[in-house]
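Please open the structure in your viewer and keep the sequence panel beside it, since each stop below begins with something to select. The tour goes from the whole chain to single residues.

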Amino acid sequence: MEIEQLEIRDFIKQNRPMDQLRDEDLDEVSGALEIAYRRNGETILEIGQHNGELFLIRTGAAEVVDKEGALCGQLDVGNWFGYNAYLNNGVVSRRITAIEDCLQYIIPEKCFKHILDKYESIARHFSEEKSKRLRQAVSDYQGDHHAQLFSSKVREIDNQPVVM
């Protein structure tokens, strides 16, 4: 295996849940993937588009926006995306746009499906990821003392002393 392939293989293995792959499956994934470069501002996945591939960000960052245009999150090095569409009959429900020049590893649908079929723990990871993120966001919101400002009435904060 060439040094570049070994670096790709090592990077994939560093990122959950692919750290669970056996060596032969890791070799298959790293050999099957495509590498894509997206410039800052370029749309990676568009709402309504069909997608069955799994993306891994190697360098750069991207943002996730819903159909109303609300920011749902940001992705950076080591984050996976595209699996929500795969689990949703292939339909993309959120736009993913590069917010920095972005290098991605793309695992083809056939290879991704093979991994999900072979590794129940990996399939569970991707199916549970969405609800886990939602629970974490709610927990973060409730634990953030600045969140009070989002849920406070104006009359409760307009009589506070001005800080200079």
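What follows is a walk through a predicted model, one selection at a time.

**The whole chain**

Begin with everything shown as a cartoon, where you should be able to trace seven helices and eight strands. The protein has 164 residues, of which 35% count as buried, and it exposes about 10400 Å², with carbon and sulfur atoms supplying 49% of that area. Among the contacts with a separation of 6 or more, 74% are between residues 24 or more positions apart.

**Helix 1 against helix 2**

Next select residues 3–14, which form helix 1, together with residues 23–32, which form helix 2; these two pack at an angle of about 115°, with their axes 9 Å apart. Their crossing is right-handed. To see the contact itself, show side chains for Gln5, Ile8, Arg9, Ile12 and Lys13 on helix 1, and for Asp23, Leu26, Asp27, Val29, Ser30 and Gly31 on helix 2. Sorted by class, this contact has four nonpolar, three polar and four charged residues.

Stay on helix 1 and pick Lys13, which is partly exposed, with a relative accessible area of 30%. Leaving out residues up to four places away in sequence, Lys13 touches Met18, Asp19, Leu21 and Leu26. If you draw a distance from Lys13 to Ser30, C-alpha to C-alpha, the model gives 9.7 Å for a pair that is 17 residues apart in sequence.

Now move to Phe11, also in helix 1: is it buried or exposed? Phe11 counts as buried, because its relative accessibility is 7%, below the 20% under which a residue is called buried. Beyond its neighbours within four places in sequence, Phe11 is in contact with Leu56, Ile57, Arg58, Val77, Gly78 and Tyr105. Of these, Tyr105 is 94 residues away from Phe11 in sequence, while their C-alpha atoms are 10.0 Å apart in space.

**The buried side of helix 2**

Return to helix 2 and colour its buried residues, which are Asp25, Leu26, Val29 and Ser30. They lie on the same side of helix 2, because they cover an arc of only 130° around the axis. The spacing of such residues follows a general pattern: an α-helix has 3.6 residues a turn, so residues three or four places apart point the same way. Show the surroundings as well, since what covers the buried residues of helix 2 includes helix 1, strand 8 and helix 4.

**Helix 4**

Select residues 109–118 for helix 4, and within it highlight the buried residues Cys111, Phe112, Ile115 and Leu116. Their arc around the axis is only 135°, which puts them on the same side of helix 4. Then turn the view to the face directed away from that buried side, where you will find the exposed residues Lys110 and Asp117.

**Strand 8 at Leu103**

Strand 8 spans residues 102–107, and the residue to select there is Leu103. Leu103 is partly exposed, with a relative accessible area of 24%. Which residues does Leu103 touch, not counting those up to four places away in sequence? They are Ile35, Ala36, Tyr37, Leu56, Ile57, Arg58 and Thr59. For Ile57, which is 46 residues from Leu103 along the chain, the C-alpha separation is 6.2 Å.

**Strand 7 at Thr97**

Go next to strand 7, residues 95–98, and select Thr97. Thr97 counts as buried at 11% relative accessibility. Outside the four places on either side of it in sequence, Thr97 touches Gly41, Glu42, Thr43, Ile44, Ala61, Ala62 and Glu63.

**The loop at Pro17, and His125**

For the last stop, select Pro17 in the loop between helix 1 and helix 2, and look along the backbone from Arg16, where the peptide bond to Pro17 is cis, with omega near 5°. Then add His125, which is found in helix 5, residues 120–143. His125 is buried, with a relative accessible area of 12%. Once neighbours within four places in sequence are set aside, His125 is in contact with Arg16 and Pro17, the two residues joined by that cis bond.

Conventions
Residues numbered from 1 in each chain as written. Predicted model: local features only at pLDDT ≥ 70, side-chain atom pairs only at ≥ 80, totals over all residues. Heavy atoms only, no water. Helix = DSSP H or I, 4+ residues; strand = E, 2+ residues; numbered from the N terminus. Buried < 20%, exposed > 50% of the residue type's maximum accessible area, 1.4 Å probe, protein only. Contact = heavy atoms within 4.5 Å. Axes fitted to C-alpha atoms, helices over the stretch in contact; angles between N-to-C directions. Left-handed = near helix turned anticlockwise from the far one by under 90°. Nonpolar A, V, L, I, M, F, W, Y, C, P; charged D, E, K, R; others polar. Areas by Shrake-Rupley, 256 points an atom, 1.4 Å probe, with all protein chains shown as cover. Arc of directions from axis to C-beta.
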